[in-house]
Amino acid sequence: MAQALSSPGQRRPGPRFRLDPMPYLFILPAVLIYVVFNLGPVVASFFFSFFKWDLLSPTTEFTGFDHYTFILNDDRFWNALGHNFIFLGLAVVIPVSMGLFLAVFIYEIRRGRVVFRAALFLPAIFSGVVIAYVWKWIYHSFAGVLNAVLEAVGLGAFTQLWLGDPNLALYSTFVAYTWASFGYSMVIFLAGLQDISTDIFDAARVDGANFWQKLFYITIPCLYDVFTFVITLRIFTAMGVFGVIYILTGGGPFYASDVIDIYVFRMIGNFEMGWATAAATVNAVIVVILSTGFIKYREWRSWSS
Amino acid sequence: MEFLSGNTQRRLRSLPFYLVLIVTTVITLVPIVWVFASALKSNKEIRENPLALPSEWHFQNYVEAWFGASFDQYFFNSIFITVTSVAIVLFLSSLAAYAFAKMRFPGNQMIFFVFLIGMAFPLSAKLGPLLSLMYELNLANSRFGLILVYVAGSLPFAILMLRAFFQGFPQELEDSAALDGCNRFQFYWRILLPLSKPSLMALGIFVFMGTWNEFFQALLLINEDSKRTLPLGLTAFQDEYFTDFALSFAGINITAVPVIIVYIMFQRNLIEGITVGSLK
Amino acid sequence: MNTSHFRSIFQFLTVAALAILLAGALSLSPALAQDSTDILVWGLGYASNYDELLVERFNEAHDDVNIVFEDVLTGEISENNQKLRVAMQNEAGPDVLGGLDVGANLRALVATGQVRDLTEFYRESGLIERIPDNLLSQVTIEGRIYAIPQNLESVGIFYNKDAFAELELETPATFEEYIDVLEAVKDAGHYGYTMGLAGGWPSALMASMFMYSSAGSEYIDVLSGTQPWPDCDNCLDGLDAFQGMVANGYANPDPLGIDYDQSLDLFYQGQSIMVLNGPWFINDANLAEPDFEIGFFYLPAVNPATDIKTLGGIGGSIIIAEYAPVDAAFKVVEWLTSEEIAVQALRDIAVLPAFSIDVPEDIPPLYYQIASETAANVDKIGFWPVTYLAPKVFGDMNQIVQGMIGGMLTPEEFLDEMQATHSAYLAES
């Protein structure tokens, strides 16, 4: 090994190509663990979606696109996927804009920046399980705090069956998700704001720009790349939302808050690996297309303007 | 005089910002405070007056949850799994990130891209085969197996972040180390790592949080009660004790408090971990 | 923290990680030989705290066999079944398991060759004479016996005796009388039907109970899992009655938003005074310590002409894994099926064994009532239909029942949905 340890600083020009094994030794352990326990299963999942396979019996049988045909004809699959998209649509708007405004407000004040940032980020550090149980108690229809508060302030007419009403269940889980995620967007925006040169804001103030003008003409354009990142993050989390819904509603009532990962988990529980892997693959493809497509579009737009 | 009035003006201007921030902060924190308060109440009090503060403090709720419902065991498992995962992730990702950032070798870009792809897939995309693989390798229902899965899950982000950081290191540093007779591993171990302390801390805290909170894969891979992590233990606990309101709140708190403590201690590092990874 | 501190921490972490890697690798090597044989058990068929007590007692009394107890099972039936089947397939599951749902589960395990054939054990141990034929037939697949029915349970209504006395109510004998009781309870401002369908099995249990009580054995044929789900017109009366529990205001509010445990809380607090449940509920209720006495009656059949008295059957069965050390496993099973343990379990936690015993009279009256009524009806209630649902159907049934109770599906549409789910499953298997 010793003879391989040449310094990368001394780059020897020469026609003789010699493969340096050192870099490969550096990346090997990471690659090994990553391929075996992360990428490998993803590829295998794609592969198995073309086979009849129940996780139990070793026999497999090639079924072609049968599982995809079933999934794409299953109303419950589209129902779940639709909910993911509703989640995504709301997640791109609500936690992101909350994060943006709170970051701007924190940036504008002088005292207590650290305190507000720390306090507002707090919910984002909890496990989905903790978040779900906290909100399960908040939403509890007759021992819960939300309905109790509404009664106490004289808004008794607005008490709801937050998790039991099929028209509300999905949105109730979304509120819990938002509570736990706007802090993320906020700290990222705040870091982005602090990277912007203060000269620009000073100049704007001298020119007498108001809050909204600064927001739309300086802040948002300057945070272009930050927006791309924050929204991409929302694509990942909204399309892969699981823990909060699993514990709050289990996808119910009557599939009213079903999402793809719960649909897949239910199928794994039923040993329908063919359908489960097919549905998971479809979702993975959607996420990859959405996220890379979005990033490429943003790059193209920033380049073309 | 003029300076003062300018100051007052600025204060007046930032008043609405403070107002919005205070209101949002209160709304955000109320659920957390409420859960903590409820864990100190008696069952009767929670039922009859969910909004009031505890009239007397029932600390025995915590004692019962800790000893009566094996939260001590869950806690140990979580610590063990999380700390080991963080250590392995830091070691392996810094090694790899160093190679990706500083060495030229065929396949550098491509292999790095293969790591990046791993961040895009939803968890569900690997669950089925992962489960059967873990049984095949005799690693199912094992803390050690769960650690490997967590490490594999954290590597892409860790490598992405550290690579960006290492790229900022001046080449001269490495060259002069080479002149002093340092080989590349020695350079990595003696110079690069100590200089990267802040980034490694930030990454470590970030990975700590993610691993400590993970639920989906633990649910699938861990069977035995004595091997459950805190989030998993909390769901089993809720199954058994949901009708005991006070104990249920205490269980939620025991799961949440360690992250709150780590957060308070390392807040700066954690937020740096999130933002550095995102802005580079 | 300066640089050298940091480096030593980092070195420590690295060494620790390597040590753990090594320890993990070592733990994969086969355990050293021991004098006694270890038998891995996930559950003995009772509540987990009682299982642990039994394991302790067994290990004290035996030198040559040692039970290793892994507490795996939770309240989520589908999670349990999934873990069990995957683990057994990989020979990492329990050697002996009590409390298994027979039906679809047992059939699947037998089909993949995971479960030991117990036919010879039955003959040699004399167990075959102690188990009624109709129970035995459920654990017999193609002439061979694969499991030992362990306990017998039936579903009925547990009620708040004090509240009944206060409202001067009698236990009903017909469905009409039952409705009268519900009306009276409602007028008194209480809930008569406790319902928390947000998760898991209660929805399948309740819907089955009502279909069963109007269609009788016709419903059982529906559940065999190998036939398409038939129209089951006679199920409709039962489903109407089930839906009526909510539509007529007998049930607690928010039946779809609260789960089983939350709904039971209503009963323990005295807001709700009747709950449809099985005998496992007694152990729960004892732990909750309500300040009233609990009584029990069977839900009168919706259709009095039906041939079935109540839903119920083998609550759980014992199996031995194919890979288990045979002699030691038999020893555990023999001990578990002994009269002494069975009577003790009945006395302690009201679990009635499936192998016939004489119900002792010196047990709490509620236990005695349930045990003797169940024992007397063993030929009518020997079948637990819910466990015969194909996994796919069971997994979706909870949601579909929610649809009907929430008024999104009529009973006819409910049956259609079940039928569609069932035929999708048949097409796949």
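**Exercise 1.** Locate V153(A), which is found in the loop between α6 (145-152) and α7 (169-195) of chain A, and decide whether V153(A) counts as buried or exposed.

*Solution.* The model is predicted, with local features needing pLDDT of at least 70 and side-chain atom pairs pLDDT 80 or more, while totals for chains, interfaces and linings use all residues. Side-chain values use heavy atoms, without hydrogens and water. Helices are DSSP runs (H or I, at least four residues), numbered from the N terminus. Because its relative accessibility is 55%, V153(A) counts as exposed, a class that begins over 50%, whereas buried means under 20% and partly exposed lies in between (1.4 Å probe, protein chains only). V153(A) also joins V149(A), L155(A), F158(A) and L51(B) in a nonpolar surface patch of about 430 Å², where patch members have over 30% relative accessible area and no salt bridge, and nonpolar side chains are joined within 5 Å.

**Exercise 2.** Describe the interface between chain B and chain A, starting from how many residues of each are in contact.

*Solution.* Taking contact as heavy atoms within 4.5 Å, 94 residues of chain B touch 90 residues of chain A. The buried area, which is the accessible area (1.4 Å probe) lost on being put together and summed over both parts, is about 8,200 Å², and carbon and sulfur atoms give 80% of that area. On the chain B side, F17(B), L21(B) and R184(B) lose the most area to chain A, together 8% of what that side buries. Finally, the count of salt bridges (Lys or Arg side-chain nitrogen within 4 Å of an Asp or Glu carboxyl oxygen) is one, and the side chains of D20(A) and R184(B) meet in a salt bridge at 2.8 Å, N to O.

Note on methods:
Residues are numbered from 1 along each chain as its sequence is written. Chains are lettered from A and ligands numbered from 1 in the order in which they are written. Patches are made of residues with over 30% relative accessible area and no salt bridge: like charges are joined within 9 Å, nonpolar side chains (Val, Leu, Ile, Met, Phe, Trp, Tyr) within 5 Å. Accessible areas come from the Shrake-Rupley method with a 1.4 Å probe; for residues, only the protein chains shown count as cover. Buried area is the accessible area (1.4 Å probe) that two parts lose on being put together, summed over both.
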